[in-house]
Amino acid sequence: MGKIPQEPRDLSDLYDPTFVESKWRERWLVSETNSTDLAGAKKPFYALMMFPYPSAEGLHVGNLFAFTGNDIYARFQRLQGYDVFEPLGYDAFGIHSENYALKVGEHPSELIPNNIRNFRRQLERAGLMVDWRYTLSTTDPEYYKWTQWVFLQLLKQGLAYKKSAAVNWCPNDKTVLANEQVIAGACERCGAMVEQRQLEQWFFKISDYAPRLLSNLDRLDWSDSTRTAQRNWIGKSTGAEVEFKIDVEPETPMSVKVFTTRPDTIFGATYLVLAPEHLLVDVVTTREEFDSVSAYRELAGKQDLVSRKTSREKTGVFTGSYATNPATGQPIPIWIADYVLMEYGTGAIMGVPGHDERDFEFATKYDLPIVRVVAGDGQDGATPLESAFVDNDDAVLVNSGEFDALSVDEGKNRITAMLEANGHGRALNIYRLHDWCISRQRYWGPPIPIIYCDECGMVPVPEAELPVLLPYVKDFKPDDSGISPLARHEQWYRVKCPKCGDPARRETDVSDTFLDSAWYFLRYPNVGDGDRAFEPGMTKKWLPVNSYIGGNEHAVLHLLYSRFITMVLCDGGHLDFEEPFTKFRAHGMIVREGAKMSKSRGNVVNPDAYIEQWGADTFRTYLMFLGPFEEGGDFRDQGISGVRRFIDRLWSSVRSSVTEGEPDTDVMRKLHQTIRKVGEDVPRLGYNTAIAAMMEYMNVLRRNERTPHRAEVEPVVQLISPFAPHVAEELWEQLGHEESVFDSGWPGFDAALAAEETIELAVQVNGKLRGTLQVAPSITEDAALALAFAEPSVAKFVTGTPRKIIFVPGRLLNIVA
Ligand SMILES: [Zn+2]
Ligand SMILES: [Zn+2]
């Protein structure tokens, strides 16, 4: 630890961020300003940000934007009197790190510590209030020991299983890809055409939790867009499971189950389609059709799963067999087609070409009967179909026997009830959410803690023997075998069976990076605890996380997996809450001069260079000034000097302030309005408008070139402190305070004084209240309109030029769009 830098020789009015920031970095370390007493905290507040993957390039400006946004909220909460815990660690396992290591020909276990050191240096330079005593890296055996423990809990609770599954395989990266990593049949990472392979994989039964993962969303304080993304991903479909009897061998009754969201159209089901992998295909295929079915199945097996679902040209072949439509009693042909996937529903569908576009296309191509069973206004059962009829508003059932003339919704209920009564089906909800494939045939991850013994079968590694250390192996490049690189290292995988002592074999797959990050927030307050993943007392005190901030790119999987693991640990008696993040906000993206930042464009902002030139305080404040935190903004080099000028002005105003005489009444009114505004904006992450309010105040303060009174500037130091922590500390000290500005409390405002000069103006769009503005009573129509459009809650309801504006001065503004 270096010594505290000396005061500059000349206490002139020059603001020198390099001096101020290095002084306060040291001071915070020495005084342990950022250390939270986790055990003794009276008002705990856990302000979490998504931890970064420590890339070799160092901290990206997007990381810094996110972390600064979290840091401001955390510091604000501290000023409100909370004991704030703001930890930060590293998500360092996974394919990113491994691929980079392969590319540069080094070992990830040597690269990662260097990257982490560089990240740490940058993060400290940025002035985050992070308690570094509680940092972690997912690659640390002290951490992944507990990741392996989490795996064992799922196994114990019957939620981890192994099965052979069709997976997307990238022949170039030599790894399994999730469906969302396959774009138009190609690998998202490298562009290679993706193949389908059958591999033994470990899965977590997240699908069992789909109803709970869905219903809990209603009670979370999360961004609406994030909750919607989660709902869509879970993808609940309401419908029925219907059983069709197969007429293949009369002496052995057989049937096939299909799931449909449209049981009301069952009278129009004129054929069935099985996925090519469906187990019944072998049974129903007749001798005559055997060759064409086999050829088709072989072809389908080579395609990746995503193209199968999305490819435009629908193909299929007839199996030669028939099933009976349970509603009409008619025989209908059984086909196979690759657009039906085993992983959705039952792997079989009923074809209703009259009322499903895909089925219409298929039936037209293969000359299958098309029957109308729903009719719209002015149509009846005889109206011909030029295309699938899917408009259900005011439509009624036709050609459906006793159900004719019922509405679609009524038909759904009544036909489902009929199927249930006849033993042909039941009402059923299904979910799009699949079980989570957690095994990876790669090197850079925590080994899955399982041992295979010829005598005892699959044996979990005893918890006392964790961690199963990832061995250092030079040769970690994946090959085309689909088997983990660890399977090439016999001296590692040959072990004694923990049960019987016979020679046995370790699982050689490692677990998915998403498992590392699905529980890290539980570990932070318990870093250093070697006896358990998390201690009940500490966990009760600090969790669930009060506020979580992260990127939209993780708004689906990471959050869903974290919620799932938390529910599982809760069900296992390890936690007493099932939702990990009480509040979540997704931050926006930073672009530069209107363009997305990328290495190939050469327009990436290097935070180090900007911080060097302008100081961390200016850089932080500028990032937050770019736009609403949840939307992001456009980084323009010339913009940063305005923010620096604002801090320079604050600096000189504080240093020149006097204590004689009375403060100016108008200035004080504006000050109290500013305190109110910043105090309202920061908790809703309205950082840009909070900064704008402070800038506006500084302009008012300096309007008459008078010497400011101390009472007019001192609270501004507190207001700016979450944004520009170093300079705020320096000014606070220069004002004669001994404690940290962050222990000084948030300044209060006099409501009467602040309220005096503003009124509330209601803003309506088409007569509906969409927001209120705090404005001067004398505000003009144009000014009110400009302010109204700056409110996202108003702007989103107005597209194009308004048709009419109704302005009642002092009362309301109505925009007719
Ligand atoms: Zn690839
Ligand atoms: Zn054994």
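Colleague: What makes the approach of the serine 400 side chain to the backbone oxygen of valine 398 a polar contact?

Modeller: In this predicted model, the serine 400 side chain reaches that oxygen at 2.9 Å. A polar contact is a pair of N or O atoms within 3.5 Å; within protein, one must be able to donate a hydrogen and the other to accept it, and residues adjacent in sequence count only if both atoms are side-chain atoms. The value of 2.9 Å is within 3.5 Å, and the pair therefore qualifies.

Colleague: On what basis are these values computed?

Modeller: The model is predicted, so local features need pLDDT of at least 70 and side-chain atom pairs count only at pLDDT 80 or more, whereas totals for chains, interfaces and linings use all residues; side-chain values use heavy atoms, with hydrogens and water left out. Residues are numbered from 1 along each chain as its sequence is written, while chains are lettered from A and ligands numbered from 1 in the order in which they are written.

Colleague: Is serine 400 buried or exposed, and how do you know?

Modeller: Its relative accessible area is 0%. Buried means under 20%, exposed over 50%, and partly exposed in between (1.4 Å probe, protein chains only); serine 400 is therefore buried. The residue lies in the loop between β16 (396-397) and α12 (408-421); helices (H or I, at least four residues) and strands (E, at least two) are DSSP runs numbered from the N terminus. Serine 400 also touches Phe267 and Val373, leaving aside residues up to four places away in sequence; contact means heavy atoms within 4.5 Å.

Colleague: Why are aspartate 224 and arginine 227 called a salt bridge?

Modeller: A salt bridge requires a side-chain nitrogen of Lys or Arg within 4 Å of a carboxyl oxygen of Asp or Glu. The closest N and O atoms of aspartate 224 and arginine 227 are 3.0 Å apart, so the criterion is met. Both residues belong to helix α7 (residues 224-234), 3 residues apart, or about one turn of the helix. Aspartate 224, at 53%, is exposed, whereas arginine 227, at 15%, is buried.

Colleague: What makes the pair of arginine 488 and aspartate 475 a link between separate parts of the sequence?

Modeller: Their side chains meet in a salt bridge at 3.0 Å, N to O. Each of the two residues lies in the loop between β21 (457-460) and α13 (490-493), so the pair ties together parts 13 residues apart in sequence. Arginine 488 has a relative accessible area of 32% and is partly exposed; aspartate 475, at 37%, is partly exposed as well.

Colleague: How many salt bridges does the structure hold?

Modeller: The structure holds 42. Another of them joins aspartate 529 to arginine 532 at 3.0 Å. Here aspartate 529 is buried at 14%, and arginine 532 is partly exposed at 36%. Salt bridges also link Lys23, Arg27, Glu730 and Glu733 in a network.

Colleague: How many disulfides does a search of the whole structure find?

Modeller: The search finds 0; a disulfide would need a pair of cysteine sulfur atoms within 2.5 Å. Two cysteines may be described by burial: cysteine 453 is buried at 6%, and cysteine 497 is buried at 3%.

Colleague: Why are β12 and β13 said to pair, and in which sense?

Modeller: Two strands pair if DSSP finds at least two bridges between them. Strands β12 (residues 316-324) and β13 share 6 bridges in the antiparallel sense, so they satisfy the rule. One bridge sets alanine 323 opposite isoleucine 332 of β13. The hairpin has 6 residues between the strands, and its glycine 329 takes a positive phi near 75°. Strand β11 (residues 271-274) runs parallel to β13 and is joined to it by 3 bridges, with leucine 272 opposite isoleucine 334.

Colleague: What makes β13 a mostly covered strand?

Modeller: In β13 (residues 331-337), 6 of the 7 residues are buried.

Colleague: Which strands are the edges of the open sheet β30-β29-β32-β31?

Modeller: In this sheet of 4 strands with mixed pairing, the edges are β30 (768-775) and β31 (804-808), since each pairs on one side only. Strand β29 (residues 759-765) is antiparallel to β30 over 7 bridges.
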